[in-house]
Amino acid sequence: MLLSSMAAPSMEFVALSLDFLAVVIGSLGGSLFAVDRKLDLIGAMALALLCGLGGGLLRDMIMQVGDVYILRTGYAIPASAVTAAVVFFLSSPFQKRPRLIEWIDIFSVALYVAAGSGKAIAYGLDPWAVILLGMLTGVGGGMLRDVFLGEVPRIFQKSNFYAVCAILGAIAYLASSSLGFVGFWPALICTIVTVASRRLSLRYDIKSPSQSDLHSFFGGRRDK
C-alpha cells in the first residue's frame, strides 16, 4: 500500500516533467523555424505555441480522460511565449548553428512521444492506442505548424523517418514499460530509440517509400 501511494506521485512528477520539457524544446524549435522563415514576433510566438503545445493538446483532446495539460498548468503557455521572445530577440547564436533546428525538432518529437505514450499507459489504454497516441503526440506540433504555414505536413511526405521514428519510439516505451521499467527509464529508452532511428535514417539516407504500383507484379500484364 505504501509503495503504491509513493509510486503515484512519482509517476505524476515524471509525466509533468516530460510535458514541460517537451513544451520548452518544442517551442524552441517552432521559434527557430519562424526566425528561419523571417516571420515577425507574432509569427514566432504562434509557431512556438503550435509546436510546443500542439502535440499535448491533440493527445488530451483525443484521449478525453484526465485533464488538458496546458489548461491545468499555469506555466506551459507563458513558458512557450517567453521561449519565443528570447529566440526572436536573441536569434544570432542560434542562426550560427544551421543544424540546430533539425536536432531540436527530433528531440521535441522524442519527448512528446514519451509524454503521449506514458499518459496512454497510465490510463490503461490498449497497446495499439498507446502507439497511436505516442506517435500523434510526437508529430502533432510539427503537423499543425506545416498546416498553418500552408504546406503539406512532413509526416505525409517521403522523408527520412519522421513519423516512423515516432512509432518506433512509442513501441520502445511500451516494451520497456511492459518489461518492468519505471520512472524516467521508459522515457529515456523511448528518446534514445526515436533520436537514433531518425539520425540513422539521415546518415544513410533511408526514406519512407512513396507510392508503388504493384499491379503488374500481381498479373496486370494479362490485361494487355
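1. Let's start with a helix pair: helix 2 and helix 7 make a right-handed crossing. On the helix 2 side the contact uses L47, L50, C51, G54, G55, G56, L58, R59, I62 and M63. On the helix 7 side it uses L133, L136, T137, G140, G141, M143, L144, R145 and F148. The two axes come within 7 Å and cross at roughly 135°. Helix 2 and helix 7 are therefore oblique to each other. Keep in mind as you read on that this is a predicted model.

2. Now for the overall picture. The chain holds 9 helices and 0 strands, so if you read from the N terminus the elements simply go α-α-α-α-α-α-α-α-α. Of the 224 residues in the chain, 42% are buried. Take the contacts between residues at least 6 apart in sequence: 76% of them join residues at least 24 apart.

3. R145 deserves a closer look. Is this arginine of helix 7 buried or exposed? R145 has 3% relative accessibility, and because buried means under 20%, R145 counts as buried. Which residues does R145 touch, leaving aside its neighbours within four places in sequence? They are F33, L47, L50, C51, D105 and R154. Three of these names, L47, L50 and C51, also turn up on the helix 2 side of the contact with helix 7, and R145 itself is on the helix 7 side.

4. Helix 2 (residues 41-63) has another partner, helix 4. Here the packing angle is about 135° and the axes are 9 Å apart. Angles from 115 to 145 degrees count as oblique, and helix 2 and helix 4 are therefore oblique to each other. Helix 2 passes helix 4 in a right-handed crossing. From helix 2 come L41, A44, M45, A48, L49 and L53; they meet A76, I77, S80, A81, A84, A85, F88 and F89 of helix 4.

5. Helix 4 itself is easy to check. Its 14 residues, 76-89, should span 20 Å at 1.5 Å a residue, and the end C-alpha atoms are 20 Å apart, which agrees. Which residues of helix 4 are buried? They are A76, A79, S80, T83, A84 and V87. Looking down the axis of helix 4, these buried residues fall within an arc of 135°, so they line one face of the helix. Some background helps here: an α-helix has 3.6 residues a turn, so residues three or four places apart point the same way. On the face of helix 4 turned away from the buried side you'll find the exposed residues V82 and F89. F89 is also among the helix 4 residues that meet helix 2.

6. Next, helix 8. With 16 residues (163-178) at 1.5 Å a residue, helix 8 should span 22 Å; its end C-alpha atoms are 23 Å apart, which agrees. The buried residues in helix 8 are A163, C165, A166, G169, A170, A172, Y173, L174 and S176. What covers them? The cover for the buried residues of helix 8 includes helix 6 (100-122), helix 7 (127-148) and helix 9 (185-203). After helix 8 comes G180, with a positive phi near 105°.

7. One of those covering helices, helix 6, can be described as a pair with helix 8. Helix 6 and helix 8 pack at an angle of about 40°, and their axes are 9 Å apart. Helix 6 and helix 8 are therefore oblique to each other. The crossing of helix 6 past helix 8 is right-handed. Helix 6 brings I106, V109, V113, A114, S117, G118 and I121 to the contact, while helix 8 brings C165, A166, G169, A170, Y173, L174 and S177. Of the helix 8 residues in this contact, C165, A166, G169, A170, Y173 and L174 are listed as buried.

8. Last, two backbone details. Where does Q64 lie? Q64 is in the loop between helix 2 and helix 3 (69-72). Its phi is near 55°, a positive value in a residue other than glycine. Q64 has 70% relative accessibility, and because exposed means over 50%, Q64 counts as exposed. D205 has a phi near 55° too, again positive in a residue other than glycine. D205 lies in the segment after helix 9.

Notes
Residues numbered from 1 in each chain as written. Predicted model: local features only at pLDDT ≥ 70, side-chain atom pairs only at ≥ 80, totals over all residues. Heavy atoms only, no water. Expected span 1.5 Å × (residues − 1). Buried < 20%, exposed > 50% of the residue type's maximum accessible area, 1.4 Å probe, protein only. Contact = heavy atoms within 4.5 Å. Arc of directions from axis to C-beta. Axes fitted to C-alpha atoms, helices over the stretch in contact; angles between N-to-C directions. Parallel < 35°, antiparallel > 145°, perpendicular 65-115°, else oblique. Left-handed = near helix turned anticlockwise from the far one by under 90°.
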